Amino acid sequence: MLRRVFLMTSTALALSLAVAVPAMAEPVKIRIVSKDFGPTNPDDVKHVKRIEDALRAQGTDLDIELVDLPSSGYADKLSVMLLSGDIPDLIYFQGGDAKMVEQGVLEDLTPMIAESKHVKDALWPHNVERLKNYPYLLYVYPVRGPQPVIRKDWLEKTGLKAPETVEDYVTLFKAIKDGDLDGNGKADTYGVTTADNTNELDSIFNQAFGITGSWMKNAAGEWVHARITSQEKDKIAFYASLREQGLYDPEYITTKFDVKEDKFYTGKAGVIFGSSGEVIDIYGGKMRQVHPGTELVLLSPPKGPAGQGLSAVDVSKESRGFAISTTSKHEAEVMKLLDFMASPEGQMMDRLGFEGQEFTKEGDSYKVTDKISTWYARFMVAANWQPPVVWQSQAAQQSLSTIQKYFKPDNSFVWPGDYAADLDATENVYRAWVYKFISGEAKMDQWDQYVAEWEAAGGKRLNEHARTVLDAAK
Amino acid sequence: MTDHDQTLNAPRIGNVPKSAVRGKPKRATAFANGWRRWWPFYVMMAPGLAFFLVLHYLPIWEARIAFEQVRIVPPNIWVGLKHFYVLFASPVFWQVLANTLIISAMKMAFFLPVPILVALLINEVRGGRLRKFIQSAIYLPHFLSWVVIAGVFIAALSPTDGAVNNLMGMAGIAPRSFMTDTGAIRWVLVFTEIWRSAGWDSLLYLAAIIAIDQQLYDAAEIDGANRWQKIWHVTLPGIVPTIATLFILNAGMFLNADLNQVINFSNDVVRSKIDIVDTYVYRIGLQTGEYSLATAAGLFKAVLGTMMIVTAHFVSKRLTGKGVW
């Protein structure tokens with residue numbers, strides 16, 4: 001009797017184990033390293049948990065581990081982490097990816113995207129171009145580019161319409177400078193300020209002065225860097241005249257991003273640039289803390305002697321984005337995760353946050369809460385998905401439509417590593433001379449001296465290489 | 001003379017009377033005795049030793065990547081001196097090395113005397129409260145990060161509304177943009193280094209001054225020495241060993257022109273004047289991923305630093321009779 005009971009029990013146990021083991025199979029563990037997305041933020045942990053649950057319901061059982069890497073100095077810390085041999089499955093790069101590609105550490109995403117259900121349709125036009133040239137980074141976000149904003153009440157005080165031409169901009173800057181709009185009794189407000197260099201001004205004035213891309217044909221029909229063309233010279237002369245009239249902040253070169261914002265909020269500068277809708281809304285929020293009720297107005301790029309538009313967009317590669325490592329044993333699962341995040345369900349989670357926290361829902365009606373201002377998409381902002389509720393300011397929404405309206409791909413390309421020193425040296429020469437011209441330390445008739453120095457610093461080699469690339473691309 | 005006095009005056013090895021050491025103990029026994037007697041001190045010293053071992057000595061082994069081509073997925077490839085050839089062939093490297101030497105030499109020449117002077121001045125302050133206040137006030141900048149200091153000085157040196165140019169304006173001097181002036185920027189680095197560290201570094205000299213035997217001052221007083229003569233003939237000679245030691249240690253750090261300071265004070269106009277080996281290593285190594293080349297540059301700097309510390313030791317030994325070993 002005892003023997004029979006033992007046999008039956010053993011058989012039942014063996015059968016139940018045989019059935020249970022497949023069901024209890026370990027989930028596939030994937031590791032993600034990303035900026036501002038880590039295990040120490042409770043929202044991130046909750047976000048990951050619900051993504052895992054949603055994927056499990058679809059038959060993909062993942063155990064997502066977020067690597068704890070500080071946001072401050074992220075690119076440097078990531079670089080050291082990868083060098084130490086710790087290579088997660090999904091890696092968010094903010095530079096330093098080219099070296100990894102050289103060593104074959106990053107996957108070519110082209111076939112995976114082609115086979116995806118959602119990612120391929122979520123791409124923005126610039127993503128498509130960039131992936132063609134450099135198929136290792138995926139950064140599904142609207143293209144970013146600096147666009148100018150001004151306080152609405154200040155624009156109204158000047159009595160001017162939003163500027164439409166280069167001359168209108170000069171008139172507006174003059175009105176800001178002379179109008180004492182901050183009411184401190186002094187004409188000490190600059191029309192415009194930028195951070196570190198003139199890149200932000202270039203974003204609206206390049207096309208106006210005929211700088212259509214990084215590389216342009218000279219009079220002899222040869223490709224040369226736009227930075228040594230007559231159009232560039234005219235543009236720099238214009239900036240110098242702005243500085244001379246006291247309209248452009250002469251201390252732009254020592255102005256960091258936080259100081260730039262501070263000058264805007266404290267009335268030391270009338271116009272600053274925001275790189276995206278989110279950034280413009282942050283400016284708006286901070287401005288309202290100092291001057292309650294103030295709204296910002298987005299200004300359009302001006303018509304100039306040679307055209308109108310925003311700077312051509314570099315489509316040679318993504319400057320940041322997600323990459324899948326070749327050492328990963330779970331590439332397919334990582335791609336499933338990305339594909340889910342590009343789906344309507346994933347987008348709802350990633351862009352709207354949590355119900356009851358960032359938004360509320362009554363029937364089919366959605367409302368966002370104040371907390372939405374601190375929520376951000378961790379993975380992507382799909383081009384083909386619109387949230388059920390709009391919370392961005394008019395200026396922020398307009399910035400997105402403006403950047404899409406004026407989107408123009410640049411003819412820049414990825415440089416081989418051998419040219420790193422030349423690129424570094426010519427960049428330094430250009431930046432230093434631009435400051436000299438603008439500050440008045442150098443006169444515009446020294447332009448040829450600048451060009452000669454730029455060419456000697458490696459620019460000649462850059463021009464020669466560009467000709468081989470651009471002529472071959474015809 | 002009492003037994004107690006005899007014990008006190010007996011020749012000593014460390015804190016142990018020589019008479020207590022009988023014969024020549026075996027090495028193992030001596031170690032065991034030493035350990036039994038001094039173990040609390042060894043235990044207290046252990047964290048410091050571990051710090052240097054883990055963070056300063058173990059990484060030396062990893063410097064071998066200067067002779068390898070680093071692969072993210074191992075193994076690395078041995079390339080010998082290739083990276084050093086590339087480095088020495090680059091005009092940029094010689095430029096940053098020259099910048100490093102100039103900035104470091106300026107800091108050595110103009111910074112080193114300041115903490116000594118500060119310590120001497122503090123020592124002469126008689127009021128207890130005033131002395132404490134001055135000490136606290138001048139130590140404070142040491143605890144500020146370079147980011148904050150750069151922010152403060154960029155604002156103070158602003159040619160339009162900075163305090164320095166305002167003062168210059170009152171004196172009838174034309175405003176000057178120090179932060180974009182290639183001739184002034186290295187002096188800005190030296191001055192801000194002094195502002196930040198002179199007070200803190202004066203602590204060591206102050207401690208050395210306090211340790212000077214009071215009887216020497218009394219003797220000088222009896223001999224009719226005035227305050228200045230006491231400083232010159234008693235205080236300064238009393239702190240010469242400290243000055244020599246710190247000079248030698250600073251010589252070893254000679255090529256550390258301070259990465260954080262340079263990064264925070266740099267801009268497009270003055271970069272060519274203050275780009276140093278450390279910023280080069282940071283840019284090439286961490287930002288462009290050329291780890292081997294960056295390590296080669298760092299190693300070269302470390303070897304130069306070692307040579308300088310050894311040279312400074314022998315020079316100091318010859319001039320003052322004091323060295324670090």
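## Two chains in a predicted model

Helix α10 (residues 214-222) of chain B packs against helix α11 (residues 227-238) of chain B at an angle of about 140°, and their axes lie 10 Å apart. This comes from a predicted model. Two packed helices are described by the angle between their axes and the distance between the axes. The crossing of α10(B) past α11(B) is right-handed. From α10(B), the contact uses Leu216(B), Tyr217(B) and Ala220(B). From α11(B), it uses Lys230(B), His233(B) and Val234(B). By type, the residues of this contact are four nonpolar, one polar and one charged.

### Chain B and its record

Helix α10(B) and helix α11(B) belong to a chain that carries UniProt annotation. An unreviewed UniProt entry places the feature "domain: ABC transmembrane type-1" at residues 97-312 of chain B. In the model, residues 97-312 of chain B are 75% helix and 0% strand. The end C-alpha atoms of that stretch are 20 Å apart.

The unreviewed UniProt entry also lists "transmembrane region" for chain B, at residues 39-60, 100-122, 143-164, 231-255 and 291-315. The table sets out the annotated domain and two of the listed regions.

| Residues of chain B | Helix | Strand | End C-alpha atoms apart |
|---|---|---|---|
| 97-312 | 75% | 0% | 20 Å |
| 143-164 | 59% | 0% | 23 Å |
| 231-255 | 84% | 0% | 32 Å |

Lys230(B), one of the contact residues of α11(B), also gives a sense of scale. Ser136(B) and Lys230(B) are 94 residues apart in sequence, and their C-alpha atoms are 26 Å apart in space. Ser136(B) sits in helix α6 (residues 128-139) of chain B. Is Ser136(B) buried or exposed? Ser136(B) counts as exposed, because 10 C-beta neighbours lie inside 10 Å.

### Chain A as a whole

Chain A has 474 residues, and 40% of them are buried. Its secondary structure comes to 18 helices and twelve strands. Along the principal axes, the C-alpha atoms of chain A fill a box of roughly 110 × 55 × 35 Å. Among contacts in chain A with a separation of 6 or more, 74% join residues 24 or more positions apart.

Helix α14 (residues 331-342) of chain A has twelve residues. From first C-alpha to last, α14(A) reaches 17 Å, close to the 16 Å expected at 1.5 Å a residue. Ten of the twelve residues of α14(A) are buried, so this helix is largely enclosed by the rest of the structure. Among the buried ones are Glu333(A), Lys336(A) and Asp339(A). Leu337(A), Leu338(A) and Phe340(A) are also on that list.

Arg243(A) lies in another helix, α11 (residues 230-244) of chain A. Arg243(A) is partly exposed, with 18 other C-beta atoms within 10 Å. Which residues does Arg243(A) touch, not counting those up to four places away in sequence? They are Tyr248(A), Pro250(A), Ile438(A) and Ser439(A). Val105(A) is 138 residues from Arg243(A) along the chain, and 47 Å separates their C-alpha atoms.

### Where the chains touch

How many residues of chain A are in contact with chain B? There are 24 residues of chain A, in contact with 22 residues of chain B. On the chain A side, α3 (74-83), α4 (97-102) and α17 (420-439) each give two or more residues. Helix α17(A) gives the most, with six residues. The chain A side divides into eleven nonpolar, nine polar and four charged residues.

### Unusual backbone

Most residues other than glycine have a negative phi, and most peptide bonds are trans. Three places in the model merit a look here.

Asp36(A) is not a glycine, yet it has a positive phi of about 55°. Asp36(A) lies in the loop between β1 (28-33) and α2 (42-57) of chain A. It counts as exposed, because 11 C-beta neighbours lie inside 10 Å.

Asp180(A), also not a glycine, has a positive phi of about 45°. Its loop runs between α9 (166-178) and β5 (190-192) of chain A. With 15 C-beta neighbours inside 10 Å, Asp180(A) counts as partly exposed.

In chain B, a cis peptide bond joins Pro74(B) and Pro75(B), with omega about 5°. Pro75(B) is in the loop between β3 (68-69) and β4 (77-78) of chain B.

Terms used
Residues are numbered from 1 along each chain as its sequence is written. Chains are lettered from A and ligands numbered from 1 in the order in which they are written. This is a predicted model: local features need pLDDT of at least 70, side-chain atom pairs count only at pLDDT 80 or more; totals for chains, interfaces and linings use all residues. Helices (H or I, at least four residues) and strands (E, at least two) are DSSP runs, numbered from the N terminus. A residue is buried if 20 or more other C-beta atoms lie within 10 Å of its own, exposed if 12 or fewer, and partly exposed in between; C-beta atoms are placed from the backbone. Two residues are in contact if their C-beta atoms, placed from the backbone, lie within 7 Å. Ala, Val, Leu, Ile, Met, Phe, Trp, Tyr, Cys and Pro count as nonpolar, Asp, Glu, Lys and Arg as charged, and the others, Gly among them, as polar. UniProt positions are given in the numbering used here, feature names are shortened, and annotations may be inferred rather than shown by experiment. Axes are lines fitted to C-alpha atoms, for helices over the stretch in contact, and angles run from 0 to 180 degrees between N-to-C directions. A crossing is left-handed if the near helix is turned anticlockwise from the far one by less than a right angle, and right-handed if clockwise. The expected span of a helix is 1.5 Å times one less than its number of residues.
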